[in-house]
Amino acid sequence: MKMIEMPKKEQGITRINKKEQRKYKQIRRIEEIKKRWTLLKAKLLKSKIDPKDTRTIQLHKDKQGMLRDYCIANSYLKKKSAYMSVDSILEDHQNHRFVYRGLVLGADNAIGILESNVPLSEIVASPNGNTMLEEILSEKNATKVRDQYYQAIGEKLKPLKGHMIYFGKPDFVLGTISVDEKGQYTYSESIKADIEKRLQKEREQDKKKETMRDKESVVIDLGQGMVVSKQNCWLEQGNEIQFAGINKDALYYQYIPKQPIQTEDNKYVYIGRTQIGKPTKIHQQAGEPIQFVSPDIYADVVLWTEGKNLVQYFLNKKCEGLNFALGEAFTNWNLEQIQRGEEQQRYLGGLTIDENGECKIIQSIPKSVKEVVETYFEQKGNEQEKNTNIIDFRAKDTGR
């Protein structure tokens with residue numbers, strides 16, 4: 001269906017075409033009637049909405065071709081009720097917990113956190129869920145809950161300096177959608193305490209990053225912890241080989257691995273300590289005690305390289321995207337994800353060369369790499385257990 005554009009204003013003069021305006025309104029009313037019929041039919045038949053339906057909120061591809069945008073595709077029914085670039089924070093089917101993060105157009109592109117006891121796919125498939133989601137994402141509701149949340153955490157209500165929209169401001173709690181056994185949907189403006197604590201930690205981390213940021217490496221400061229960074233990497237001298245650089249957040253990072261373990265298929269596996277940021281003094285007002293921000297330390301971080309060892313990459317491939325590959329990998333966000341318990345989550349990734357000769361980080365873990373890492377941690381565990389069984393027979397100091 002060809003879209004009829006509404007009259008535009010140009011230099012204070014409105015170009016009016018009453019015929020096209022009437023036609024536009026007439027088609028929009030027809031589309032609204034069709035939408036109401038779609039929802040009513042689904043309710044009466046207790047059926048799901050077709051995911052290809054254009055008049056209701058459904059999942060669509062974003063500009064990168066990824067299925068991440070929840071919006072109304074119909075040109076006549078498009079509103080600000082849209083949830084864009086949505087990522088999943090938590091998907092726990094066993095405990096019926098689903099938490100999402102995405103741009104809320106109705107809140108001037110602030111990032112909203114939405115929780116539910118069912119997946120978003122189930123919400124948009126339900127006529128009741130779809131209607132409720134559209135109301136939640138509406139400009140009226142989204143702006144209200146955003147401002148309420150910002151006031152609660154002490155955040156200014158205005159956009160960042162020099163910005164027209166709220167992208168770059170802290171994430172806000174959009175609320176919680178719940179559905180009971182009878183299929184009844186309810187909405188709450190709150191969210192569970194663990195997610196709230198996570199958001200608080202993220203805000204604290206953003207402030208910490210801002211304090212430790214290497215200001216000379218910032219090309220563009222977008223505000224609220226987002227920067228365009230001049231990424232770099234180098235070898236540092238020390239008792240051990242140390243790899244260092246500036247990551248995409250304009251933060252210093254350092255990687256101190258043990259000796260690499262070479263696999264039979266010519267891969268080099270590194271396991272070591274990572275530091276993000278440098279110790280930094282916080283500028284305090286006169287009379288207040290001096291405060292320092294400590295860097296973040298991560299133990300047993302696994303990085304493997306393809307074909308060459310890491311030193312060779314630094315010596316021969318530094319100008320072929322090594323700085324960007326490592327700058328993307330060695331960030332707080334990535335390291336926090338891999339440090340959440342399981343041994344297989346210790347893998348930061350693998351460094352390899354693509355078909356264009358450029359360095360890149362890949363997340364797939366070869367079997368040979370897994371085997372040497374598992375062996376390493378088994379031996380490390382056995383050594384620790386052995387040390388705990390050692391009895392010290394040395395005479396204690398009696399003070400005589």
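Are Arg 55 and Glu 31 buried or exposed? Both are buried, and that makes a good way into this model, which is a predicted one. The two side chains form a salt bridge, with the closest N and O atoms 2.8 Å apart. Glu 31 sits in helix α1 while Arg 55 is in the loop between α1 and β3 (58-61), so the pair ties together parts that are 24 residues apart in sequence.

Stay with α1 for a moment and look at its other end. The helix covers residues 18-45, and Leu 44 belongs to it. With a relative accessibility of 61%, Leu 44 counts as exposed. It is part of a nonpolar patch on the surface, together with Trp 37, Leu 40 and Leu 45, and the four of them have about 470 Å² of accessible area together.

Now for the inside. The largest nonpolar core has 37 residues, and the ones that touch the most other members are Tyr 83, Val 104, Leu 120, Leu 133, Phe 172, Leu 174 and Ile 177. Several elements give two or more residues to this core, including β5 (83-92), β6 (97-104), β7 (110-116), α3 and β8 (172-179). Strand β8 gives the most, with five residues. Take Ile 177 as a sample: leaving out residues up to four places away in sequence, its contacts include Leu 114, Ile 123, Met 132, Leu 133, Ile 136 and Tyr 185. Apart from this core lies another one, of 26 residues, with Cys 233, Tyr 270, Leu 326 and Ala 329 among them.

Leu 114 is worth a stop of its own. This residue is found in strand β7 and, at 1% relative accessibility, counts as buried. In sequence Leu 114 and Val 173 are 59 residues apart, yet their C-alpha atoms are 6.7 Å apart in space. Beyond residues up to four places away in sequence, Leu 114 touches Tyr 83, Phe 98, Leu 120, Leu 133 and Leu 174, among others.

What about helix α3 (residues 127-136)? Seven of its ten residues are buried, so the helix is largely enclosed by the rest of the structure. Those buried residues include Pro 127, Gly 129, Met 132, Leu 133 and Glu 134. At the N-terminal end, Ser 126 acts as the cap of α3, with a side-chain oxygen 3.3 Å from the backbone nitrogen of Asn 128.

Glu 134 brings us back to charges. Its salt bridge is with Lys 79, where the closest N and O atoms are 3.3 Å apart. Lys 79 lies in the loop between β4 (67-71) and β5, and Glu 134 is in α3, so this pair ties together parts that are 55 residues apart in sequence. The two ends have different settings: Lys 79 counts as exposed at 53% relative accessibility, whereas Glu 134 counts as buried at 11%.

Helix α5 has a more local pairing. Glu 202 and Arg 198 meet there in a salt bridge (3.6 Å, N to O), and being four residues apart in the helix, they are separated by about one helical turn. Glu 202 is partly exposed, at 24% relative accessibility, and Arg 198 is partly exposed too, at 23%. Elsewhere, shared partners join Arg 97, Glu 115, Lys 192 and Asp 194 into one network of salt bridges. Over the whole structure, a search finds 25 salt bridges.

One last residue in α5 is Lys 209. At 12% relative accessibility this lysine counts as buried, and it touches Asp 249, Leu 251 and Asn 332, not counting residues up to four places away in sequence.

Methods. Residues are numbered from 1 along each chain as its sequence is written. This is a predicted model: local features need pLDDT of at least 70, side-chain atom pairs count only at pLDDT 80 or more; totals for chains, interfaces and linings use all residues. Side-chain values use heavy atoms; hydrogens and water are left out. Patches are made of residues with over 30% relative accessible area and no salt bridge: like charges are joined within 9 Å, nonpolar side chains (Val, Leu, Ile, Met, Phe, Trp, Tyr) within 5 Å. Accessible areas come from the Shrake-Rupley method with a 1.4 Å probe; for residues, only the protein chains shown count as cover. A salt bridge is a side-chain nitrogen of Lys or Arg within 4 Å of a carboxyl oxygen of Asp or Glu. Buried means under 20% relative accessible area, exposed over 50%, partly exposed in between (1.4 Å probe, protein chains only). A polar contact is a pair of N or O atoms within 3.5 Å; within protein, one must be able to donate a hydrogen and the other to accept it, and residues adjacent in sequence count only if both atoms are side-chain atoms. A nonpolar core is a set of buried Ala, Val, Leu, Ile, Met, Phe, Trp, Tyr and Cys residues joined through side-chain atoms within 4.5 Å. Contact means heavy atoms within 4.5 Å.
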